[in-house]
Amino acid sequence: GAQDSCSHQCGELLSTCSCQVTCQSLGNCCPDYKEFCLQISPYSGSLMGGKDFLIENTAFNTSSVLTCRFKQEIKTSGYTAKDGKGHCISPLLYETGFIPFEVSVDDGRTFPYSGTWLSVHHSKVSDEEKCTLVNETKWQYYGTPNTYGNLTLTWTHQALAETHVNIEVWGYHETGDSYSENWLAEWKYLYTLAREIPNTGKFTFTPVPAEGNYSTWDFGILRITPSSYSDGQSNIPSLWSNEHALAWHLGKDFRDDPNAWATAKCMEWDRKEEKLPNFKEEIIDCPCTLAQARADTGRFHTDYGCNIEKGSVCTYHPGAVHCVRAIQASPQYAAGQQCCYDSTGTQILTHDSTGGSTPDRGHDWGSPPFLKPPRIPGFSHWLYDVISFYYCCLWSDNCQFYMKRRPSSDCRTYRPPRAASAFGDPHFFTFDGLNFTFNGLGEYLLVESDLTSLRVQGRTQQGRLPNGTGAQGTGLSAVAMQENNSDVIEVRYSEDLNLEVLLNQKVLNFSEQTWMDLKGLFLHSTPDQNITVMFSSGCGVEIRGNGGFLTLTVLLPEKFMNHTQGLFGVMNGNTEDEYTFRNKTTLPVHASPQQLFEFGANWAIENGTSLFTYDTEFLLNNFFYGEKHSASFLPVFFPYEDPADPLVEEMVSLCGSDPFCRFDVLTTRSLQVGNSTRLSHQNHKLLVEHLEPVVSCGWLDHPINGTKNGTNYLLGSTIIFLCSQGYELTGSKERTCQTSGAWSGDTPSC
């Protein structure tokens, strides 16, 4: 019979064969799968576009004219190289994430070939892909006192295959009315700074104020393109610089008196802010302590501009050792939150110090669905929160205006999330703090919530003894998850024990990007393969590979209280109903391991609701066609400690009194497994400790004509007030933060 074709059909399961990504490992691809379903390199680039990428798996006729079409609407010109390999140029996009594209070889009549391109935030592309503003500060302060002379731009000249290049200036602006339907974003070509210069990788010039009204553009970017293209032509091979404050091209009025120029701009910004809605009411409050901020990984992520793991270089936040940003933009205004902490782990507030954290009218990372202000990744934020910082704080001395509009949030309404974990020969720690061991073999529901249709499922596989035979215990080998109609993420050990992350059944590659903006979630992978999934509800899932089994932690914000079920229990602060079956009957807290085995088996999933990918014979036979909970596999419930067993002595010195470590050494006969269990157990205890709620009484001001000592506003802290010479203090001269969240005493005055 005739075979089906993958032309126009990538991702589909056809009647005789498959065009789905799993077909390669299952061996049921249509014969032309590799021709039509494209693999590309590189797979990612800046949302600014202009990146040339290679189509790896398909040879085109060298005379073919390629047209590449992104999102079914944006067309760019492709080309075929001498070796018959096709190339596309990525377009300027106002969004991040995986963007579908198609390729035509018949001048755009049909687009049978398809693939995906990953568009990323402009700060996330490698330095080789950008041109570099040498001494960037000089560019951004040019024309202010003591900053003049030449500026230099460098780039990797091999990145553009041309002998001569042009350097263009582009500006960013937003038009229309704020927060209305007609509010639009635009990158606009302004003028060409240098034409037909040799492509040596370096250009030095003395800036002169831009002609005409171009000097009103104060935020923009440089683009280097081959000279063979026309000025400002869109979606052609390009190298972009960092986005920056265009001080160096501003007009004569700026150069004559930068302070007056910037002061006027700052006042104009301040007047504009006055009329805009107050976004600060809807952004999440900051965690009270650095420990909380680093533990709440579902809702907060390191701010790259001030990172304790990279030596705390905190240029904009003097006195801080670490800052975090809220991952999700606020619901209505898409605003962002930032929180900074000092070396004692205490929050730094702008009311007390210029090093304090400042919230953002525009979230730096943008927010879905992107495309329009205030949700444009990076650039909306620059326009509302960064260029205004230059006006008020860096180019003039009016920072108090900026800080008045962007004061730090304290932590009075912050509530830490609850954590549940599973690790080792699986030991489960529930949201309400119970722990049990369940050694079933199969696929189970770990947590499900009717609040956001969150589902996290786990697969266990039999452990292996050092001699290669099966152990009498199991461990997590895969975890799959989804919330509402988000992308599906699965993290698993492959058969050769590599950690794999699958996005909608396709194995992801983190070689270019370790952070991905996906549908309904963000995904982050550290170099040592700690995977964090951050769902839009604020739920966080952390997974790491550990001694052959996965370690899993799920963090749920307070709004999930009374909305969970599964092996991780009913999150409601009450341990009595932790072991609740699907039919709502419960086991007592001190149930036996055999009873808990029944409880675990009750939460096995079904093929209809499974989120897992079955892309090998082994997985199909054992988990898809096999039982979801193996009735024949019976684990050890009480491993025997034989005093004559030489392993027991080593176990005792490794594990001490840790029961989970001891259990795992005995069931797997491996000290390495026992040790990773011990560490996971320790990490879980630390995490729970770091997530303890902290009482904050909120910021206190110093009295007029007086000062205060102390900037810590958490439980037990005392603030002391003093009056300036010649003034006398009435009210309390010291106030202490009490358990109720109120300060003792009365407001002092001088």
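This report walks through a predicted model of a protein, going from the whole chain down to a few strands and single residues.

## The big picture

Let's start with the overall build. The protein has 750 residues, and its radius of gyration is 29 Å, which agrees with the value near 27 Å that a compact globule of this length would have. Along the principal axes, the C-alpha trace spans about 90 × 85 × 50 Å. The secondary structure comes to 13 helices and 37 strands.

As for packing, 55% of the 750 residues count as buried. If you take the contacts with a separation of 6 or more, 59% of them are made by residues 24 or more positions apart. On the outside, the protein exposes about 32100 Å², and carbon and sulfur atoms supply 50% of that area. There are 53 positive and 84 negative charges, and the mean positions of the two sets are 4 Å apart.

## A six-stranded sheet

Now for a sheet worth tracing on screen. Six strands make up an open sheet, and they line up as β24-β25-β26-β27-β28-β29 with antiparallel pairing. At the edges stand β24 (443-449) and β29 (506-507); each has a single partner strand, so one side of each is left without a neighbour in the sheet.

Inside this sheet, look at β26 (residues 470-482) and β27 (residues 489-493). Four bridges pair these two strands in the antiparallel sense. To find the register, use V479, which stands opposite V491 in β27.

## Strand β33 and its two partners

How many of the seven residues of strand β33 are buried? Six of the seven are, so this strand (residues 540-546) is largely enclosed by the rest of the structure. Both of its pairings described here are antiparallel: five bridges join β33 to β32 (residues 530-535), and seven bridges join β33 to β34 (residues 549-556).

On the β32 side, N530 stands opposite R544 of β33. Four residues lie between the strands of that hairpin, and G538 takes a positive phi near 100 degrees there. On the β34 side, G545 has L550 as its bridge partner. The hairpin of β33 and β34 has two residues between the strands, and G547 in the turn shows a positive phi of about 55 degrees.

## Backbone oddities

Most residues other than glycine have a negative phi, and most peptide bonds are trans. With that in mind, a few spots are worth a look. Here are two cis peptide bonds side by side.

| Cis peptide bond | Omega |
|---|---|
| S41 and P42 | about -10 degrees |
| P368 and P369 | about 0 degrees |

Where do the prolines sit? P42 is in the loop between β1 (40-41) and β2 (44-46). P369 belongs to the loop between β20 (338-341) and α7 (379-394).

Two non-glycine residues have a positive phi. N146 comes in at about 70 degrees, and this residue is in the loop between α3 (136-141) and β11 (151-154). N146 is also exposed, because its relative accessible area of 72% is over the 50% cut-off. For E196, phi is near 55 degrees. Unlike a loop residue, E196 has its place in a strand, β13 (residues 184-198).

## Two arginines

Is R69 buried or exposed? R69 is buried: its relative accessible area is 18%, and the cut-off is under 20%. The residue lies in strand β4 (residues 67-70). Leaving out neighbours within four places in sequence, R69 has contacts with I74, K75, P100, F101, E102 and F111.

R669 makes a handy comparison. This arginine is partly exposed, with a relative accessible area of 36%, and is found in the loop between α12 (659-668) and α13 (671-690). Beyond the residues up to four places away in sequence, R669 touches L465, P466, D645, L647 and D664. Take L647 from that list: R669 and L647 are 22 residues apart along the chain, and their C-alpha atoms are separated by 7.7 Å.

Conventions. Residues are numbered from 1 along each chain as its sequence is written. This is a predicted model: local features need pLDDT of at least 70, side-chain atom pairs count only at pLDDT 80 or more; totals for chains, interfaces and linings use all residues. Side-chain values use heavy atoms; hydrogens and water are left out. Buried means under 20% relative accessible area, exposed over 50%, partly exposed in between (1.4 Å probe, protein chains only). Two strands pair if DSSP finds at least two bridges between them. The radius of gyration is taken over C-alpha atoms; the globule rule is 2.2 Å times the number of residues to the power 0.38. Contact means heavy atoms within 4.5 Å. Accessible areas come from the Shrake-Rupley method with a 1.4 Å probe; for residues, only the protein chains shown count as cover. Lys and Arg count as positive and Asp and Glu as negative; His and the chain ends are not counted. The place of a charge is taken as NZ of Lys, CZ of Arg, CG of Asp or CD of Glu.
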